[in-house]
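I opened the notebook to record what I looked up in this model. The entries follow in the order in which I made them.

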Amino acid sequence: MKKSFKKVVAILLAVLMMVCSFPLTALAAGGTRANIKLQFGSVTNSASNIKNYAVDRNNSVANFSKYTGMNSNELTYSNGAISGYETGDFFTISVLVENISQISATEIAVKYSDAIEPAFLKNSGSPAPAVYTDSAAAYTGFGKLEAITAQSGNAIYNTTSTVGETSYIDAEKRVMHANFAVQTGADAIDLTKATSAGKYSLTNSAIIATFMFKIVNSNAITFSIDTASDTYYLNTIANGGSVNEYKTYAPKVDDDASTAELDFMGKNEHVGSTTQTYTIRFVDADGKQISSAQYEEGAAVIAPQLPAVTHDDAQHYTYAWDKEIPATATADGTYTIIKTGAAHTWDAGVTTKEPTATETGIKTFTCTFNGCGATRTEELPKTEVACQHEYVWTYNKDAYRDSNKVEHDGTETGVCSKCGDTITRTAVGTGSLRATTYNLTLSAGIAVNFKTKTTTVNKFDKVWCEVEKFDASTGKYMKPEVIEDSFVDGNNTAFRFTKIAPQTMADNMIVKFCAERDGITYEGTITTQVNVRSYVMGQLNKQTSKTSAATLFVDMLNYGTAAQDYMSYNQTDYINSQLTDVQKSWATPLIANDDYVNSQNLTYVVCENPQAAWRTAALRLESSVDFKLSFSDAAKTDTLTDISNIKIKVQLEDGTIKWFDPINNPESFEPYKTSSQNVVKGRWYFTTSDIPVANLVDPVYLTICDANGNPISNTFRYSAETFVKAQQGKAIKDTLDHMMVYAKAAYNYNLMGGK
């Protein structure tokens with residue numbers, strides 16, 4: 001079957017189509033033509049409940065106490081919603097054909113949106129509407145189609161039968177489909193006589209079908225009365241004829257307005273005749289169509305917005321319609337925009353950029369015509385006032401030292417912030433801003449002193465040293481360590497780098513000196529391939545026989561190698577691998593465990609009224625070797641929560657005394673932990689620092705004191721030997737043994753005056 005008419009109606013915001021197979025006679029009087037309308041109604045089984053029902057699909061329409069599906073004034077549809085209805089409510093739509101005199105067969109397909117679902121009822125052993133499948137005929141499970149008798153408003157819903165007139169529901173396409181035909185053998189039914197149908201007395205009209213829906217979500221309710229070509233339909237009817245035999249239409253002829261046609265008017269009220277419509281077009285100044293729309297007679301005409309005033313370099317342009325646009329539609333019409341140009345009228349102009357000695361200025365003129373906005377500019381000549389330069393300086397990083405070891409200063413460039421003028425000058429002192437030498441300091445740990453000339457330092461406001469140390473475990477250089485503290489060493493100024501663990505003596509360092517002067521930052525020449533082992537081997541290779549210095553250097557390298565094994569660090573390049581057999585013979589023999597002395601004595605000096613007590617003691621091996629002890633209250637109940645007013649006295653065997661307190665040495669105090677997550681409040685760790693490695697061969701004496709230096713604990717005597725002796729059989733023991741001979745070598749080196 002083919003589609004007879006399709007029209008978009010804005011007030012419904014939905015597309016509605018219907019295919020009817022009519023031997024259809026349209027009434028011609030007064031220019032009336034065939035018309036399709038939709039009417040919205042309710043279903044209920046209770047006088048007090050007009051929207052919902054609780055009847056299941058096994059019941060027939062006869063179970064409803066009231067059916068108002070043909071009451072066009074009861075419900076209103078607008079903008080995708082049924083007024084007053086929401087999810088869970090049920091409603092009906094009835095298809096009404098007006099201005100026809102005969103009907104023999106109809107075919108109706110309703111396509112519905114996802115906001116609604118079919119809600120047909122059925123009995124007689126078939127509890128639900130049939131659903132179309134590819135393997136079953138569309139009419140499976142249905143009896144004969146009920147004929148459209150007279151003007152039956154009960155074409156689908158009737159009080160004595162079922163809803164068997166519904167051909168099927170195609171859930172995938174969301175289409176409900178129904179066919180109806182005269183079954184008496186007559187060619188058509190006469191609709192010219194007044195006939196009561198539902199609440200109506202109908203003449204020249206017929207209610208073709210009524211469909212029931214349930215609202216299932218809050219989306220817009222839209223539906224179409226679809227074409228048969230998009231759906232499925234029955235092939236036969238009861239009287240042996242075919243629906244296809246009844247395909248006659250009211251023809252639609254564009255050039256003959258009096259010809260009858262089947263149309264959807266899209267109104268939810270009775271319309272006796274069709275209102276005349278007119279086509280109104282709007283065209284721009286270039287002849288291109290802006291819009292074209294149909295208006296019902298008397299409807300307000302909405303014209304497009306005229307363009308604002310535009311312009312080019314020579315003219316500005318205004319726009320108007322070629323003729324007056326009517327307020328309401330009374331005839332077809334085309335309205336064209338007329339573009340009119342006029343020369344600009346310029347004002348006196350405004351200086352928008354002042355001229356300078358190096359740049360021209362700009363004067364801007366504006367068109368005085370209202371809404372134009374066109375501008376033009378004129379160039380103003382440069383002034384002859386000289387610029388008072390203000391230079392911003394940048395170092396060019398071009399200092400270098402040539403193959404003859406001659407140092408060449410780099411340059412710095414200044415750019416004037418006012419006029420952009422540039423000049424270049426020598427960056428004094430940058431050629432010698434580098435590490436000229438370095439040496440080792442053996443104190444609490446291994447430290448490298450990087451030196452540069454003091455005469456170079458004096459040429460700048462500030463000088464600092466940046467050291468990047470290689471980490472063999474990651475294969476990358478670590479974040480630069482910035483060293484600002486320095487000390488004068490002869491003709492040089494030295495910057496001390498202390499973060500060297502024994503196992504990292506072979507790791508290279510990148511050294512760069514930086515400086516600042518008058519707010520300008522300078523970077524000196526970078527020094528690379530610097531490491532502790534290279535320095536030590538350089539000193540060792542100068543030794544021709546065993547000396548205290550030679551032994552110290554060999555023991556130091558052996559200590560680093562033992563730490564490499566313990567830490568599993570860079571074991572492919574042992575720190576002592578460059579020693580000759582002769583140099584290896586200069587090493588201090590390891591100390592037998594039985595020869596270590598246990599010096600531990602918690603009551604070496606007794607405090608008469610102690611308030612604190614030492615608890616545990618050990619060593620911490622990092623870049624230096626430190627004593628790490630724990631302490632708490634005298635009763636050892638972990639109630640010493642405030643240590644802000646205590647001092648700890650550390651006395652070396654040679655009489656040297658070092659004081660530590662939480663204010664001046666916060667890095668030496670921390671809460672005691674039984675694990676990384678479990679902190680014991682009232683108990684503390686204390687860690688020494690700056691204890692020279694040579695002093696590890698002797699005991700140390702530790703006393704907890706009050707703020708005035710008075711003892712509040714017993715004096716605890718402890719030694720590195722005590723700790724090492726207790727590590728017998730542990731993996732770290734070899735490293736500790738080498739640490740002790742290294743400490744002994746440092747002690748002997750000091751006794752020999754560094755020889």
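**Aromatic cluster.** I looked up the ring pairs and found W614, F627, F631, F660, F669, F686, F716 and Y718 linked by them into a cluster. Rings of Phe, Tyr and Trp (its six-membered ring) pair if their centres lie within 6.5 Å; planes under 30 degrees apart count as stacked, over 60 as edge-to-face and the rest as tilted. The search of the whole structure gave 19 aromatic pairs. I took W614 and F686 as one of them: the ring centres are 6.4 Å apart and the planes stand at 50 degrees, so I entered the pair as tilted. W614 is in strand β44 (residues 612-621) and F686 in strand β49 (residues 679-687), so this pair ties together parts that are 72 residues apart in sequence. Strands (E, at least two residues) and helices (H or I, at least four) are DSSP runs, numbered from the N terminus.

**Source of the model.** The model is predicted; local features need pLDDT of at least 70, side-chain atom pairs count only at pLDDT 80 or more, and totals for chains, interfaces and linings use all residues. Residues are numbered from 1 along each chain as its sequence is written, and side-chain values use heavy atoms, with hydrogens and water left out.

**Burial around W614.** Are W614 and F686 buried or exposed? I use buried for under 20% relative accessible area, exposed for over 50% and partly exposed in between (1.4 Å probe, protein chains only). W614 has 3% relative accessibility and counts as buried. F686 has a relative accessible area of 0% and is buried. I then checked I704, which is in strand β50 (residues 700-706). I704 is buried, with a relative accessible area of 0%. The C-alpha atoms of I704 and W614 are separated by 8.4 Å, with their positions 90 residues apart along the chain.

**Charges over rings.** My criterion is NZ of Lys or CZ of Arg within 6 Å of the ring centre and within 35 degrees of the ring normal. R425 lies over the face of W393, at 3.6 Å from the ring centre. R683 lies over the face of Y672, at 4.0 Å from the ring centre.

**Partners of β35.** I count two strands as paired if DSSP finds at least two bridges between them. Strand β35 (residues 462-471) pairs with strand β40 (residues 509-517) in the antiparallel sense, over eight bridges. β35 also pairs antiparallel with strand β37 (residues 481-483), over three bridges. Which residues stand opposite V467 in β40 and β37? In β40 I found V511 opposite V467, and in β37 I found E481. With strand β36 (residues 476-477), β35 pairs antiparallel over two bridges, and F470 stands opposite Y477 there. The hairpin of β35 and β36 has four residues between the strands, and G475 in this hairpin takes a positive phi near 75 degrees.

**Five-stranded sheet.** I noted an open sheet of five strands with mixed pairing, in the order β21-β20-β24-β23-β22. β21 (289-296) and β22 (310-311) are the edge strands, each pairing on one side only. Strand β20 (residues 277-283) and β21 run antiparallel and are joined by seven bridges. I280 has A293 in β21 as its bridge partner.

**Positive phi outside glycine.** Q529 has a phi near 60 degrees, a positive value in a residue other than glycine. Q529 is in strand β42 (residues 527-530) and is exposed, with a relative accessible area of 54%. D638 is not a glycine either, and has a positive phi of about 60 degrees. I placed D638 in the loop between β45 (625-633) and β46 (646-652); at 21% relative accessibility, D638 counts as partly exposed.

**P589.** I found P589 in the loop between α4 (581-584) and β43 (601-605). P589 is exposed, with a relative accessible area of 63%. P589 and V741 are 152 residues apart in sequence, and their C-alpha atoms are 7.3 Å apart.

**Second largest pocket.** What is the volume of the second largest pocket? I entered about 440 Å³. The pocket is lined by 20 residues, and A444, T498, S623, S624 and D690 lie nearest its centre. On a 1 Å grid over the protein atoms alone, a pocket is an open set of points where a 1.4 Å probe fits, with protein on both sides within 12 Å along at least five of seven lines; lining residues have an atom within 4 Å of a point. Grid points are joined across faces, edges and corners, and a volume is the space filled by probe spheres set on the points.
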